[in-house]
Amino acid sequence: MKKKYQALILGIVVIIFAGILLWHGKNTTKTERFEAQFTDVFDTVTNIIGYGESQETFTQQVSELKEQFDYYNQLYDIYNDYDGVNNIKTINDNAGKEPVKVAPEIIDLLKLGKEAYVETNGQVNIAYGSVLSLWHDYREAGLNNPTKAELPPMEEIEAKAAHTDINQLIIDEEASTVYLADAEMSLDVGSIGKGYAVQKVADYAKAHNMNHLLISAGGNVCVVGAKEDGEGWSVGVQNPDLSSDKEYVQKVKLQDMSIVTSGNYQRYYEVAGKRYCHIIDPDTMMPAEHMASVSVIMKDSGKADAMSTALFNMDYEEGKALVESMDGVEAMWILEDGSIQYSSGFSKYLAK
């Protein structure tokens, strides 16, 4: 009886061991780390890092993700028309004329914009397009001819600012239409569009079993899962002092999270030796001057994009109070003197 019992136990062990070997045999497919880059969406450099069994496999995955980026880039474009596509430019072109039927992805983005306006007390306003367009034109002229760079006259700015009431943005979800009731109003989704698109692309990747991925589009970084070894993705926060030899001032480790940075070093021009960045403070109608950069960590890249813009438009004390009042939001501020401040829970993301 004892020998039969021992034989039974031995048989079970052999079966279990064979099962382990079989499981390992099915899961030892060797993968490699690959990276791809493109520059033709959202006016920035986009990098994708991931893992694949071969370069061919990874290239196919990137091709799918690039198609998604192209789709959102066309939808949220305010400068160009595309055949068969009603985008943000289409809405602006029909301001004061008629509602425009749009894709659900535009409706969802604009709803996020309205929510961000309320949550940030107006520091993010996607209806601020008329003012931002004026600044854009002067910035481009200044970059093209630095010796003649100038600021837009305040009377022109104020005239444009009279047409930035977000309540004039009428969204009809049932009809899937958008209408700007003010004929001189225009939308600019630069404060949320890229981050929202990055999040949607990340969601697509996850839904298609791309489970270990880092997507970086300008100052927007979103990671899907962890690295293949289970470690979090290490992401550097860029030094806003471009003259420094130190490229990054801090590094964080993320898993299924996003970090978005807004800074005065990304897009700017100079007038009479002073730098003016592209982020316009709605309180002053002038380029924000509170800090060098602010980085926001949140689960959702679109919301993080909006929050980083809002915090860049606030002084540190006001911004920190807002962050501490919200769940799931952490931030890091780099002030003009180079000093760094953190929200209370940011340290849990710092790379050791």
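Which residues does Thr44 touch, not counting residues up to four places away in sequence? In this predicted model, Thr44 touches Phe38, Thr39, Lys194, Ala217 and Gly218. Thr44 is found in strand S2. Its relative accessibility is 17%, and buried means under 20%, so Thr44 counts as buried.

Strand S2 (44-52) also helps to cover helix H2. Helix H2 runs over residues 55-75. Its 21 residues should span 30 Å at 1.5 Å a residue, and because the end C-alpha atoms are 30 Å apart, expectation and model agree. The buried residues of H2 are Phe58, Gln61, Val62, Leu65, Lys66, Gln68, Phe69, Tyr72, Asn73 and Leu75. Their cover includes two strands from the earlier part of the chain, S1 (32-41) and S2 (44-52). It also includes helix H3 (88-93), helix H4 (104-119), helix H7 (193-207) and strand S6 (213-217).

The pairing of H2 with H7 can be described further. Two packed helices are described by the angle between their axes and the distance between the axes. The axes of H2 and H7 come within 10 Å and cross at roughly 150 degrees. The crossing is right-handed. From H2, the residues in contact are Glu64, Leu65, Gln68, Phe69 and Tyr72. They meet Ala197, Val198, Lys200, Val201, Tyr204 and Ala205 in H7. By class, this contact has 8 nonpolar, 1 polar and 2 charged residues.

Helix H5 covers residues 129-144. At 1.5 Å a residue, its 16 residues should span 22 Å; the end C-alpha atoms lie 22 Å apart, which agrees. Buried in H5 are Gly129, Ser130, Val131, Leu134, Trp135, Tyr138, Arg139 and Gly142. The buried residues of H5 pack against one helix, H6 (154-161), and against strands S11 (268-271), S13 (280-281) and S14 (286-287).

In soluble globular proteins, nonpolar side chains tend to be buried together. Here the largest nonpolar core holds 72 residues. Tyr76, Ile91, Leu110, Leu169, Leu311 and Trp333 touch the most other members. H7 gives the largest share of this core, 7 residues. Leaving aside neighbours within four places in sequence, Ile91 is in contact with Val100, Val102, Ile106, Leu110, Val178, Leu180 and Leu187. Another core, of 19 residues, lies apart from the largest one. Among its members are Ile49, Ala292, Ile297 and Phe346.

Methods:
Residues are numbered from 1 along each chain as its sequence is written. This is a predicted model: local features need pLDDT of at least 70, side-chain atom pairs count only at pLDDT 80 or more; totals for chains, interfaces and linings use all residues. Side-chain values use heavy atoms; hydrogens and water are left out. Helices (H or I, at least four residues) and strands (E, at least two) are DSSP runs, numbered from the N terminus. The expected span of a helix is 1.5 Å times one less than its number of residues. Buried means under 20% relative accessible area, exposed over 50%, partly exposed in between (1.4 Å probe, protein chains only). Contact means heavy atoms within 4.5 Å. Axes are lines fitted to C-alpha atoms, for helices over the stretch in contact, and angles run from 0 to 180 degrees between N-to-C directions. A crossing is left-handed if the near helix is turned anticlockwise from the far one by less than a right angle, and right-handed if clockwise. Ala, Val, Leu, Ile, Met, Phe, Trp, Tyr, Cys and Pro count as nonpolar, Asp, Glu, Lys and Arg as charged, and the others, Gly among them, as polar. A nonpolar core is a set of buried Ala, Val, Leu, Ile, Met, Phe, Trp, Tyr and Cys residues joined through side-chain atoms within 4.5 Å.
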